[in-house]
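Let's take a look at the aromatic side chains here and at what sits around them. Have the structure open as you read.

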Amino acid sequence: MGSGAGLRGWAERRPVLFPLLLLSLLCPALSEPIRYTIPEEMPEGSVVGNLAKDLGLSVRELPTRKLRVASEKPYFTVSAERGELLVSSRLDREQMCGKKPVCALEFEVVAENPLNFYHVSVEIEDVNDHTPKFPQSSFELQISESTKPEARFILGSAQDADIGTNSLQNYQLSPSDHFLLVNKEKLDGSKYPELVLKMPLDREEQKSYHLTLTALDCGHPPLSSTAQIQVLVTDANDNPPVFSQEVYRVSLLENVFPGTTVIRVMATDQDEGVNAEITFSFTEAGQITQFDLNSTTGEIITRHMLDFEEVKEYSIVLEARDGGGMIAQCTVEIEVLDVNDNIPEVLFQSLPDLIMEDTRLGTYIALLKIRDKDSGDNGEVTCKLEGDVPFKLLTSSRNTYKLVTDQVLDREQIPEYNVTITATDKGKPPLSSSTTITVHIGDVNDNAPVFQQSAYLVHVPENNPPGASIAQVSASDPDLGPNGQVSYSIVASDLEPQALSSYVSVNPQSGVVFAQRAFDHEQLRAFQLTLQARDQGSPALSANVSLRVLVTDRNDNPPRVLYPALGPDGSALFDTVPRAAQPGYLVTKVVAVDADSGHNAWLSYHVLQASEPGLFSLGLRTGEVRTARALGERDAVRQRLLVAVRDGGQPPLSATATLLLVFADSPQEVLPDLSDRLTPSDPQAELQFYLVVALALISVLFLLAVILAVALRLRRSSSHTTWSCFEPGLCTKTGPVVPPNYSQGTLPYSYNLCVAQAGKTEFNFLKCKEQLSSGQDILCGDSSGALFPLCNSNESTSHQQAPPNTDWRFSQAQRPGTSGSQNGDETGTWPNNQFDTEMLQAMILASASEAADGSSTLGGGAGTMGLSARYGPQFTLQHVPDYRQNVYIPGSNATLTNAAGKRDGKAPAGGNGNKKKSGKKEKK
């Protein structure tokens, strides 16, 4: 039956729905509802109609659109599979609508994605499912025998909950000779029966009559019910009571208090005595619950509060009975007037839990319905939003509103809104109610992380421990959840990409930047990083910031002395000072550098130790060494200064330099002290030394052979000039003779050196005619620079030597020390004091010792160079001068000193330096 009714309803609304379907394509919600007509009492699950099809939705859209019914009472539901509107609960038209001629259930259907609302009206047709019922199964009616024909008696009416043709339509009376039935109709359309007396009654003939009253409807099939009427014939009472009005009408406000008088009915009886005493009563007293009746006065009063929204009018039948049993009836129509006693209600049909902050303007947020039980102006309601909220209300249909967005939402500014909707009716006085809902705003990743600073600058002291924290960057993201979770990374730097990870790293969660190594200010003073903060949203947003790291200096580098520098063998250098130097004379300058910067590299110079305090002054910042006073007679010729170079760091670091200063007028006066310990040479240097010694020995053997040949030829010569050099007591013709004083010396033998005046050097060994006295050596020289050990007679011991010739000079190549290492000018004289002579003696001894360390010999035992046989076993190589100083090897361009350069006519390497080495003499 439900399906047939549904089809019939579809047929009835087909002409109306076609244009509505076209309109639904253009409008988000239909202004006119979709109408269905179905009979009541359809079983649950019956199909009302294909709602999805009527809305123009395909079956494929149903899962996403999520059609559902928004109604206070769940009479209907929507099939999720086919989109059909189904009956979900019992539909009893009489219970839902009562006696209303049209019973329509109106509700909204909500479709999501996008959100739309559709109005649906389902009209419930009446079914003849209720039988007319009498309030009592039997009635008793007393009629006086004197009652005249055509007298009318109102009988109890039956009640039928159905409407229309299914409601009570007719009354029938069982056949009777004395009575007939007349159907009467009230103002509200309801019917009631009246019993009419056809002929007079005679109590003596028949005291009572039994009649059957049947109530019928016109349904399909028709339903009926019966009641038994017993008519008792009483003794004559000629005049029945008479009401002043056949129908009483009164209007009553619904808010009257209980006990309020509604109306007072009036009835009279022309009889006298007991037959004139009238009592009033309700004919259907069991159904009258809202009113009370005074049986004596006929006053009707309210028993309970009335409610217009429940019952709008009352129809009451009153009966007046006199003492003789005659009765009269009247009808009281009570109209209940509406009073504005119901506050409007705001009912939300659809409200999402969360609204995203990127929702577009005009998006439907919620569907709400206004309900006011009052009628007329009391039931007309207007709605408005309270406060400043980014929403507005749109009227959808009668008493239905849509809440839509009116402004841009921003969760970071306002995460939720308390939306207050006030509904006010038009009654007097108006009533209103407010409903507040909380609209939560959902987060969207619309905010990029923001660093607390536009740029970061950190200072990191050098020599920091690896793994130490050097900085921390912090970025905030006002979004929520993953959209606000920030991770940090290094995206760029001015370091090499391969080396970046070995310098710094960043903690992705905290933003702490760690140093992966110890920084060195001298190697890396600053570098710049580009850090990125990225959230976890989709798509992810990020921000960059620059971090500049300045590596600050620490005092971790001591000063380094550049001058005076040590020689290749680690020995210190000499500086010469003229004997006649005046105060303020610039002797030398200590040059030092510091790899640090700032105060850590601000150097100062201090004298820690001096041989003669006060003789020299040192510039605090310049490092210049100047004479503070003139050299005194008692001042030592050799001075030693220990200079400390300090930086300005905290704590300060320092380095020391030793200055060896010698007062001398010429470089020849300065001879390095060879008595210091020699630094061990490397294997390559030792190999070169052995080669040089071997060449020297070969050269010596060759020279000995040449000298022997020359000596033999000279013996045959009678020229005195040639041999005058070898005469006792005489060395050269005016050659400079330096009588060394060996009174404190260490050599047990003395040697005489003779240099011929000829252009070609000749070598001769002289036999010692007698023992020389201590310290008697003769130095003879010319440009050749050859040395000869000579033995002289005792006469030469007492010979008064001439002062040295000032024109005689050692060339640069002939000076003791490292060959070519000194660039001083050649204006000095040969040393003529005991100190310098002893220095020369020590140099010769050291050279002889070097030769003695070799494996080659000159024909004698190991380390004797063949001299033991000539001078005795106690004479070893330590007493032999170093012949390597000025040995020329014939047939070879190799020399052991720079004397060869001068022999070949080359000028010695000159210079302005005046430094002398105090260590081991350089070997070439």
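How many aromatic pairs does the structure hold? This is a predicted model, and it has 15 aromatic pairs.

Start with F134 and F139. Their ring planes stand at 75° with the centres 6.4 Å apart, which is over the 60 degrees needed, so the pair counts as edge-to-face. Both partners are tucked away: F134 is buried, at a relative accessible area of 13%, and F139 is buried too, at 16%. These two have company, as Y171 joins F134 and F139 in one aromatic cluster.

Now for F616 and F663. Here the planes are at 25°, under the 30 degrees cut-off, so this pair is stacked, with ring centres 5.9 Å apart. What parts of the chain does the pair tie together? F616 belongs to strand 46 (residues 616-618) and F663 to strand 49 (residues 654-663), so the contact links parts that are 47 residues apart in sequence. Like the earlier pair, F616 and F663 are both buried.

Rings also meet charges in this model. Which ring does the charged end of R517 sit over? That would be the ring of Y503. R621, for its part, lies over the face of W602. Here are the two cases side by side:

| Charged residue | Ring | Distance to ring centre |
|---|---|---|
| R517 | Y503 | 4.1 Å |
| R621 | W602 | 4.2 Å |

So if you're browsing the model, good places to stop include the cluster of F134, F139 and Y171, the stacked pair F616 and F663, and the arginine R621 over W602.

Definitions and conventions
Residues numbered from 1 in each chain as written. Predicted model: local features only at pLDDT ≥ 70, side-chain atom pairs only at ≥ 80, totals over all residues. Heavy atoms only, no water. Phe/Tyr/Trp six-rings, centres within 6.5 Å; stacked < 30°, edge-to-face > 60°. Buried < 20%, exposed > 50% of the residue type's maximum accessible area, 1.4 Å probe, protein only. Helix = DSSP H or I, 4+ residues; strand = E, 2+ residues; numbered from the N terminus. Lys NZ or Arg CZ within 6 Å of the ring centre and 35° of its normal.
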